[in-house]
Amino acid sequence: MIILFLFLFFLYPEILTIYNDEGISGDNIYTWNDGGADYDGSSQDLESVPEGFKCFKTTATSGSYAGWGVFYNTEQDFSEYQNGDLRFWIYSSTGNIKVEIERWNGETVTKYLSDYGWNDSYVNTWRLFSIPLDDFAVDITTSVKSPFKITVLTTPATFYIDMVRWAVNIDTGSFNLKIKRISDDVEVSSFTFTRVNLIGLPTGWVVADQYIEIEVEPSDISWGIQIYTDNESPSADPRYTGTEDPAGLVDTSTTTKRLQMGWTIEYLTHSLSELGTGEPGTWVNGGYQWKYFKDKASSDFTNGGSYVTPWNNEGLLWNTWQRDSKSPPNYIYISADFSNAVTPRTYKTKIFVEFYYQ
Amino acid sequence: MWIFSSLFLYSLLAMSVTPAKYELLLSTGERNTIYFTVKNDKLEMMKVRVNSKYWFVLPENKGIEIDSWLSFSPKEFYLKKGEGKRVICEVIVPKNASGFLNGMLSFNQIDSPTSVNITISVPVYIIIKDNYSFDFEVRGLKRENEYLLVEIFNKGNVYFRPRGRIKMNRERNFLIFKKKSFLFEKRFKEERHIFPGSSGYVKLGNLGLKDGKYEVILELEFWGDKKIRKKIVVLK
């Protein structure tokens, strides 16, 4: 079993986000052109962007080229990304574009979008490009000055870039999930509410001892992750048979009873004290607002509805209706209301975490 | 201790599905075959179950069972690490279908008895060639973070992603006549869909428009179908 866990640990995907709504991973953004060009690193010109609300806009009005890149002030060893890909989204009026990586010694290795499937149908449409880092050079990751440079080779032209990253061990279209213990971030195999035992009954809202770590690598720009229970499903075990909203933990011996549950999604991991009680409406200290769990049979459940979608292409649901774009991985914490719990009893449910495209 | 899951062998759950969606234009009674590929990215072995489910259902299509227009095979299978499996989907458009049909094919990892169920759902949209109605209206203008948003309401019976052209004129009233002055014209292509009966937005750049009365002329395209709608709106 130990071998298995170590094995999984090494396989876990790694994503180095180079540019997104949060900013850049490097120290500087440099631009270049030999004519007229405008740059906007926080452009909101387009209603639909692959991640968050902003993207990087380059408008080349004259001359023969214009571009930009992300640079580090010190030499970077990113060898853990060897065998990975450089991935980015582009929306461009032309495919006459080169993509480069610069080594610390100044050597630049170049690839062209035309070699990676660009065709006329891509014009002014968001497209995901994934270029194997090995295609640049086998050892390109070991001594990096710029992990991403992009230059348009014709004018006039306008292109937008979003969600630039190096990724390894995660395919495009992938959805990965792990359950970890809050106390030490170790991977575990079940959710528990041991604090209920410590506090003793009756108690109120209590945060679970574990959280879910989620990583997603979408291959389309309109997507979401929704979370819910499905306690009235014929295959639910136990199946809720009461008359209230079925969302939550179901009493295995009296299936007409259930305990309400809550959730929050966070971009940082938190201690139990930071997480507070977990009662919906309250806030995580230094984080977001707790929300109620919904069931697929809840009267106000809608597939793809904002309240049941912790994370989508616009970002994380930080209160009950607004989103904030954050890089993966992100973390879902869970709570339950033990005010009406009795002992000795077992309360169970299955949590559905569904990654969907629209 | 309250435990709400059983033990399971893997805490890591991971898979991928491609492509991300299908959008087909078909006549009633017409058949088509599409394919999705699901891949086990990480685990030594994974068991996958495939289900179909409704996503958005038009009121007039409420009696149409999803199984009557979307069937697939295989429904359950194992995948070794790195292995991909092609799921074949047959689409048959029911005679009584209106507007569009929208279902999801859900790929569910089922072999780990975990308290978390991981699912990837990919949509299938069938636009009914015979009777879809692509229609919309311009509802208004609003400013958001200095950007101008044009609200579009879908009043047809089919979803659409707003793609087309917008032209705006400023309209001013003088003593005995109205004066219209051209402001700008631009093309746009949005990816997010607008379902029937709901609104979506087209975002325009920072135009620095003053409060006033404007004429919005919006031309949208949908599968080669073009429609133009005009509206005088007041920006406050």
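Where in chain A is P344(A) found? P344(A) sits in the loop between strand 23 and strand 24 (347–348) of chain A, and the peptide bond that leads to it from T343(A) is cis, with omega near 0°. Helices (H or I, at least four residues) and strands (E, at least two) are DSSP runs, numbered from the N terminus.

Before going further, a word on the model: it is predicted, so local features need pLDDT of at least 70 and side-chain atom pairs count only at pLDDT 80 or more, while totals for chains, interfaces and linings use all residues. Residues are numbered from 1 along each chain as its sequence is written, chains are lettered from A and ligands numbered from 1 in the order in which they are written, and side-chain values use heavy atoms, with hydrogens and water left out.

**The two chains**

Here are chain A and chain B, row by row.

| Chain | Helices and strands | C-alpha span along principal axes | Buried share |
|---|---|---|---|
| A | 4 helices, 25 strands | about 75 × 45 × 35 Å | 58% of 358 residues |
| B | 0 helices, 16 strands | about 80 × 50 × 35 Å | 54% of 236 residues |

Buried means under 20% relative accessible area, exposed over 50%, and partly exposed in between (1.4 Å probe, protein chains only). Chain B has a radius of gyration of 24 Å, whereas a compact globule of 236 residues would have one near 18 Å. That radius is taken over C-alpha atoms, and the globule rule is 2.2 Å times the number of residues to the power 0.38.

Contact means heavy atoms within 4.5 Å. Among contacts between residues at least 6 apart in sequence, 75% in chain A join residues at least 24 apart; for chain B that share is 70%.

**Aromatic rings**

A search of the whole structure finds 43 aromatic pairs over all chains. The rings of Y211(A) and Y331(A) have centres 5.7 Å apart and planes at 80°, so this pair is edge-to-face. Y211(A) lies in strand 14 (residues 205–217) and Y331(A) in strand 23 (residues 330–337) of chain A, so the pair ties together parts that are 120 residues apart in sequence. Both Y211(A) and Y331(A) are buried. Rings of Phe, Tyr and Trp (its six-membered ring) pair if their centres lie within 6.5 Å; planes under 30 degrees apart count as stacked, over 60 as edge-to-face and the rest as tilted. In chain B, one aromatic cluster has members including F56(B), F100(B), Y125(B) and F222(B).

**A phenylalanine to look at**

F53(A) lies in the loop between strand 4 (37–43) and strand 5 (55–60) of chain A. At 32% relative accessibility, F53(A) counts as partly exposed. Leaving aside neighbours within four places in sequence, the contacts of F53(A) include D21(A), R323(A) and, from the other chain, K203(B). The C-alpha atoms of F53(A) and N313(A) are separated by 8.8 Å, though the two are 260 residues apart along the chain.

**Backbone surprises**

Most residues other than glycine have a negative phi, and most peptide bonds are trans. Chain B has a cis bond from T18(B) to P19(B), with omega near -10°; P19(B) is in the loop between strand 1 (13–18) and strand 2 (22–26).

M163(A) has a positive phi of about 50° although it is not a glycine. This methionine is found in strand 12 (residues 157–168) of chain A and, at 11% relative accessibility, counts as buried. W223(B) also has a positive phi of about 50°, but its place is the loop between strand 15 (212–222) and strand 16 (225–235) of chain B. W223(B) is partly exposed, with a relative accessible area of 43%.
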